[in-house]
Amino acid sequence: MSPEKIRNFCIIAHIDHGKSTLADRMMEITGTVEKREMKAQLLDSMELEREKGITIKLTPVTMNWNGYMLNLIDTPGHVDFSYEVSRSLQAVETAVLVVDATQGIQAQTLANVYLAIEQNLEIIPVINKIDLPAADVERVSAEIINLLGCKKEDIIGVSAKTGLNVEKVLDEIVKKGPAAGKQHSQISDNAEPTRALIFDSYFDDYRGVVLYVRVVEGTIPKNSEIHMMANHNNGLALEVGKLTPKMSPKDDLKEGEIGYIVTNLKTTREAKVGDTVTLVKKQATDPLPGYKEVLPFVYAGFFPVSNDQYKDLKEAIEKLALSDSALRFEPENSPVLGFGLRIGFLGLLHMDIIRERLEREFKLDLIVTNPSTNYHVVLNNNEEIEIKSAADLPDISEVKEIKEPWVKGEIILPSTMIGNVLNLINEKRGHQTNLSYIEDRAVIDFEAPMANLLTDFYDQLKSATSGYASFNYELSGYHTEDLVRVDFLIAGNKMDALSIMCHKTEADKIGRETTKKLKEVIPRQNFEVAIQAAVGARIISRETIGAYRKDVTVKIHTGDRDRKAKLLEKQKRGKARLKRFGKIDIPSDAFTVMLKRD
């Protein structure tokens, strides 16, 4: 098919606005998937995706409609997976913007629209769920017109569940969407070097590394030798083809097409997402503009409950990292928890998904420590080092300054609830930078330290706004702050896995709250246990877990005071000895105590 007849598009929306359902209807209407094979959210193939009702991995699919080839990429909607969205947008020319008729424009809708505008994509606005009784099409249309500056007749009202007006969306993609070929190119096909963009890759246990690519110039035939321009690796294209959504092999992938390449590579690190694939025989000299490297900014320690499982944990994480380019990990050793891994994530949902996948798919029992972010530490000799946990902080006498990551956030909420949210931002050491309005809703732009948004900011935001607010953020840079390390001592032993970094003004409050929570989760012993929080050598809070009281005088039937005193004295000595040598079994709940709400 000539590139003039190919349209590449993706669907962007806030979480739960109906992207995957719209993709289902498109596949059904175009006859890509037979009725009997159809099921809800067909492209969400992972068990976790179906259970939580969210898209985690982007998925491409090829459809045919009225003589045109339509290549769709279904993208995730949650802020933690926005790097998946930016990768899809690089590979297409058109974006279908889906907005829920009952909820209107949300924070992630705005973020995705800005990404699409940056890439100069043709945006087709669609209002979904118009058949619901709570749908307010007029209000949502006004919001979209305000955002995109389009006309009212450009907006298509659909119901993805029933299939109402979905054909109109397909016709609009064909009519308005730019063709996939480079219309300006006057060079004949033979002289042109081949260039294709890798927008996703995963590792198949039986076939090796499979690349999802968008061919920008030239052709990639089956069995040709391919070259990765950034990594300088060579490989073989053992099979090429389209996704419908099953793999359908072809003889070659031509200019403008989106498809897959099964390679003989052993790990996805040899073919990084964002790299340019070219042919060894017809090599291109300039790579395509790729993506920026995604760096994690939430770190947590993952430890197996039994040290025998450490090797299994390492192998499991290596397998997950093959298909998730954002995962970073390194070995970590804790005196209390033994050997484990320090893993970097894009956000708390990303962490939650990986933890669930490790426990379900690899049958691992895990202890996960409190999530923290990374810090830049400038030493007295002006050397700058990066630490991923509070336990790595060098001796404070060697430290000149500590920088912590700040984020730029955007909250969309009903304008009547602004006061509560501004108070919440101030509590988190943040400050508002801008306040604007879309119809009857407000958009608050703010900056705040990443560490303060990690644990329960999202929960508190939902509570303060009765669930009406939506939140989106991105990293803005590192600021020097007056930070200290708070250590926790249990029975006089310092627990490195519990140490946290926080602002000097918040240390006392966090110390008191955490010791109280630890008192609830650590079981009582036969001797008194002290739980202390300390900044350096200064103890800032203490809680005491009382000892079990065993009545040692119960066997004395007479009221002899001396005999009672003798037995109580003997018990006292025993408890004192236990206090010196006794070991405390710390439950795994203690290591995630920061995540628990009061």
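# Working through a predicted model

In this protein, 69% of the contacts with a separation of 6 or more are between residues 24 or more positions apart. Keep in mind that the model is predicted. Here are four exercises to get you started.

## Exercise 1: the whole protein

Work out how many helices and strands the protein has, and what share of its residues is buried.

Solution.
- Start with the elements: there are 13 helices and 30 strands.
- Next, look at cover: of the 598 residues, 54% are buried.
- Finish with the outside: about 27600 Å² is exposed, and carbon and sulfur atoms supply 48% of that area.

## Exercise 2: helix 1

Take helix 1, residues 19-29, and decide whether it is mostly covered or mostly open. Then find what its buried residues pack against.

Solution.
- Count first: 9 of the 11 residues in helix 1 are buried, so by the cut-off of under 20% relative accessible area the helix is mostly covered.
- Now put names to them: the buried residues run Lys19, Ser20, Thr21, Leu22, Ala23, Asp24, Arg25, Met26 and Met27.
- Then look around: these buried residues pack against four strands by name, strand 1 (6-12), strand 2 (59-65), strand 3 (68-74) and strand 4 (94-100), and also against helix 6 (166-176).
- Last, step past the end of the helix: Gly31 follows helix 1, and its phi is positive, near 75°.

## Exercise 3: a hairpin

Find out in which sense strand 11 and strand 12 pair, parallel or antiparallel, and how many residues join them.

Solution.
- Locate the strands: strand 11 covers residues 233-243 and strand 12 covers residues 247-250.
- Check the sense: they pair antiparallel, over 4 bridges.
- Pick out one bridge: Gly241 has Pro249 in strand 12 as its partner.
- Trace the link: the hairpin between strand 11 and strand 12 goes through 3 residues.

## Exercise 4: two asparagines with positive phi

Say where Asn66 and Asn382 are found, and whether each is buried or exposed.

Solution.
- Begin with the background: most residues other than glycine have a negative phi.
- Asn66 is not a glycine, yet its phi is positive, about 50°.
- Place Asn66: look in the loop between strand 2 and strand 3.
- Check its cover: Asn66 has 57% relative accessibility, so it counts as exposed.
- Turn to Asn382: its phi is also positive, near 70°.
- Place Asn382: this one is in the loop between strand 20 (375-379) and strand 21 (384-387).
- Check its cover too: the relative accessible area of Asn382 is 51%, so it is exposed.

Notes. Residues numbered from 1 in each chain as written. Predicted model: local features only at pLDDT ≥ 70, side-chain atom pairs only at ≥ 80, totals over all residues. Heavy atoms only, no water. Buried < 20%, exposed > 50% of the residue type's maximum accessible area, 1.4 Å probe, protein only. Contact = heavy atoms within 4.5 Å. Areas by Shrake-Rupley, 256 points an atom, 1.4 Å probe, with all protein chains shown as cover. Pairing = 2+ DSSP bridges.
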